[in-house]
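Trainee: I've got a new structure open and I don't know my way around it. Can we go through it together?

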Protein chains: 2
Amino acid sequence: MRTGAEGPRRGRGRPAGGGDRAALILDAARQEFAAQGYDKASLRGIARAAGVDPALVHHYFDGKEELFVAAMQLPFNPAEVLPALFADADGPDEVAERMVRFILSIWRDADTRAPFLALLRSATGSETGAAMMRSFVAQALIARVAEHLPPAPDRELRLNLAVAHVIGVMLLRFVVQVEPIASADEEDVIGRMLPAISAYFRGA
Amino acid sequence: MRTGAEGPRRGRGRPAGGGDRAALILDAARQEFAAQGYDKASLRGIARAAGVDPALVHHYFDGKEELFVAAMQLPFNPAEVLPALFADADGPDEVAERMVRFILSIWRDADTRAPFLALLRSATGSETGAAMMRSFVAQALIARVAEHLPPAPDRELRLNLAVAHVIGVMLLRFVVQVEPIASADEEDVIGRMLPAISAYFRGA
């Protein structure tokens, strides 16, 4: 599978102008995602806005999620990283701990946090921003965590609550910077929130 | 104690021009809070920006928190509502449930949610916005909940985690509108999150 990183890299190996066209597509994608939200934006519409053939979009980016990851400058592609992260996890408790540690590792660093903070900011600012974050949370994150948990009618609602908890902690620790959670030791924060997250992952 | 509602009401009973001066003060307060954050903004600085005597600010508003509540158009004054809300609560579980139900009742309604969403938006947008939300969360909410829980060295950190969880749920349910939590029955959401919130309120 092609990654967001490989797309541009292969672009550089192509005839002169390939990089420019990839950049044109990324600019168009950012505008289309911001204007339409993730679900309504289409590769065809983005190609049209960039003034290129849809086949060229497919040549650089392996589908809409990879294009979104590249356009939003996300520091990883959830389609690759999350399945690998949870692959050999031994039950809900371990899936919970890996998710919490992974999200904290992304938010801990101002550079990798920035695109997610931008997503959160646009979600609080407009309905299309909210739609963009909604798609990301539901499809990129929650759907992939759900695959590693036993099916249950209330599984998605429990995962929504768990992810809400983790996002709230990222918000208070790194953005609002309320004390003492802003300065608390990371292992202390993880150890205190894991029981709640694990309980949501296990269900009743 | 004077309330945010009484301030303007008394203003209307005063000589012509009183309402205008209260409005001038509120405009200046909004600008000062946005530019300086809550902690750094002062009644004296707000009076200066409004071009009025500091005594007039004190005449209309009973201190900085009441002025903040009026300027941000918050639907209630935490200094009055929260002590009454928790006054006769019987232990940490009941304090937890009252807080969760109160916050949900505020966010459920788009009108009463709006000023808090504005606070959240400005927190994700700038450091002074973050400072404003930080003061509100720490002083208006967490400090007042803490008064009704047994003292413990980790009490504030546990309250930070509980409030983070609740804010995350408000964000996913009402702003990002992820399903199924956006459409879930309110009692179902409360019932599922209360064990986690109560555990944080009780401590180990």
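Mentor: Sure, let's take it a piece at a time, starting with the chain contact and then going through single residues.

Trainee: Before that, what kind of model is this?

Mentor: This is a predicted model.

Trainee: Okay. How many residues does each chain bring to the contact between chain A and chain B?

Mentor: Chain A gives 39 residues and chain B gives 39 residues.

Trainee: And what area do they bury between them?

Mentor: About 3,200 Å², with 72% of it on carbon and sulfur atoms. On the chain A side, A:Thr124, A:Leu157 and A:Arg192 supply 20% of the area buried against chain B, more than any other three residues.

Trainee: Why quote an area at all?

Mentor: The accessible area lost when the parts come together is often used to give the size of an interface.

Trainee: Can we zoom in on B:His165? Which helix has it?

Mentor: B:His165 sits in helix H10 of chain B.

Trainee: Is B:His165 buried or exposed, and why?

Mentor: B:His165 is buried, because its relative accessibility is 0%.

Trainee: What does B:His165 touch, if we skip residues up to four places away in sequence?

Mentor: From chain A, the list has A:Leu161, A:His165 and A:Tyr200. From chain B, it has B:Met193, B:Ala196 and B:Ile197. There's also a polar contact between the side chains of B:His165 and A:Tyr200, at 3.3 Å.

Trainee: Let's stay with H10 in chain B. Where is B:Arg155?

Mentor: B:Arg155 belongs to helix H10, which covers residues 155-175 of chain B.

Trainee: Buried or exposed, that arginine, B:Arg155?

Mentor: Buried: the relative accessible area of B:Arg155 is 16%, and the cut-off for buried is under 20%.

Trainee: Which backbone oxygens does the side chain of B:Arg155 reach?

Mentor: One is the backbone oxygen of B:Ala146, at 3.0 Å. Another is the backbone oxygen of B:Leu149, also reached at 3.0 Å. With neighbours within four places in sequence left aside, B:Arg155 is in contact with B:Ala146, B:Leu149 and B:Pro150.

Trainee: New topic: helix packing. At what angle do H7 and H8 of chain A pack?

Mentor: Helix H7 (residues 92-108) and helix H8 (residues 110-125) of chain A pack at about 100 degrees, and their axes are 5 Å apart. So H7(A) is roughly perpendicular to H8(A).

Trainee: Which residues make that contact?

Mentor: H7(A) uses A:Ser105, A:Ile106, A:Trp107 and A:Arg108. H8(A) uses A:Ala110, A:Thr112, A:Arg113, A:Phe116, A:Leu117 and A:Leu120. By type, the residues in the contact of H7(A) with H8(A) are 6 nonpolar, 2 polar and 2 charged.

Trainee: What comes after H8 in chain A?

Mentor: A:Ser126 lies in the loop between H8 and helix H9 (127-146) of chain A. A:Ser126 is partly exposed, at 34% relative accessibility. The side chains of A:Ser126 and A:Thr128 are joined by a polar contact of 3.3 Å.

Trainee: And over in chain B, which side chain does B:Thr128 make a polar contact with?

Mentor: That's the side chain of B:Ser126, at 3.3 Å. B:Thr128 is in helix H9 (residues 127-146) of chain B and is partly exposed at 26% relative accessibility. Not counting residues up to four places away in sequence, B:Thr128 touches B:Ala34, B:Ala35, B:Gln36 and B:Gly37.

Trainee: How far is B:Thr128 from B:Ala143?

Mentor: Their C-alpha atoms are separated by 21 Å, and the two are 15 residues apart along the chain.

Trainee: Last topic, backbone quirks. Where's a cis peptide bond in chain A?

Mentor: Look between A:Glu179 and A:Pro180, where omega is about 10 degrees. A:Pro180 is in the loop between helix H10 (155-175) and helix H11 (186-202) of chain A. In chain B, the bond from B:Glu179 to B:Pro180 is cis, with omega near 10 degrees.

Trainee: What about phi at A:Gln177?

Mentor: Phi is positive there, about 55 degrees, although A:Gln177 is not a glycine. A:Gln177 is in the loop between H10 and H11 of chain A, and is partly exposed with a relative accessible area of 35%. B:Gln177 has a positive phi of about 55 degrees, and its place is in the loop between H10 and H11 of chain B.

Technical notes: Residues are numbered from 1 along each chain as its sequence is written. Chains are lettered from A and ligands numbered from 1 in the order in which they are written. This is a predicted model: local features need pLDDT of at least 70, side-chain atom pairs count only at pLDDT 80 or more; totals for chains, interfaces and linings use all residues. Side-chain values use heavy atoms; hydrogens and water are left out. Helices (H or I, at least four residues) and strands (E, at least two) are DSSP runs, numbered from the N terminus. Buried means under 20% relative accessible area, exposed over 50%, partly exposed in between (1.4 Å probe, protein chains only). A polar contact is a pair of N or O atoms within 3.5 Å; within protein, one must be able to donate a hydrogen and the other to accept it, and residues adjacent in sequence count only if both atoms are side-chain atoms. Contact means heavy atoms within 4.5 Å. Axes are lines fitted to C-alpha atoms, for helices over the stretch in contact, and angles run from 0 to 180 degrees between N-to-C directions. Angles under 35 degrees count as roughly parallel, over 145 as roughly antiparallel, 65 to 115 as roughly perpendicular and the rest as oblique. Ala, Val, Leu, Ile, Met, Phe, Trp, Tyr, Cys and Pro count as nonpolar, Asp, Glu, Lys and Arg as charged, and the others, Gly among them, as polar. Buried area is the accessible area (1.4 Å probe) that two parts lose on being put together, summed over both.
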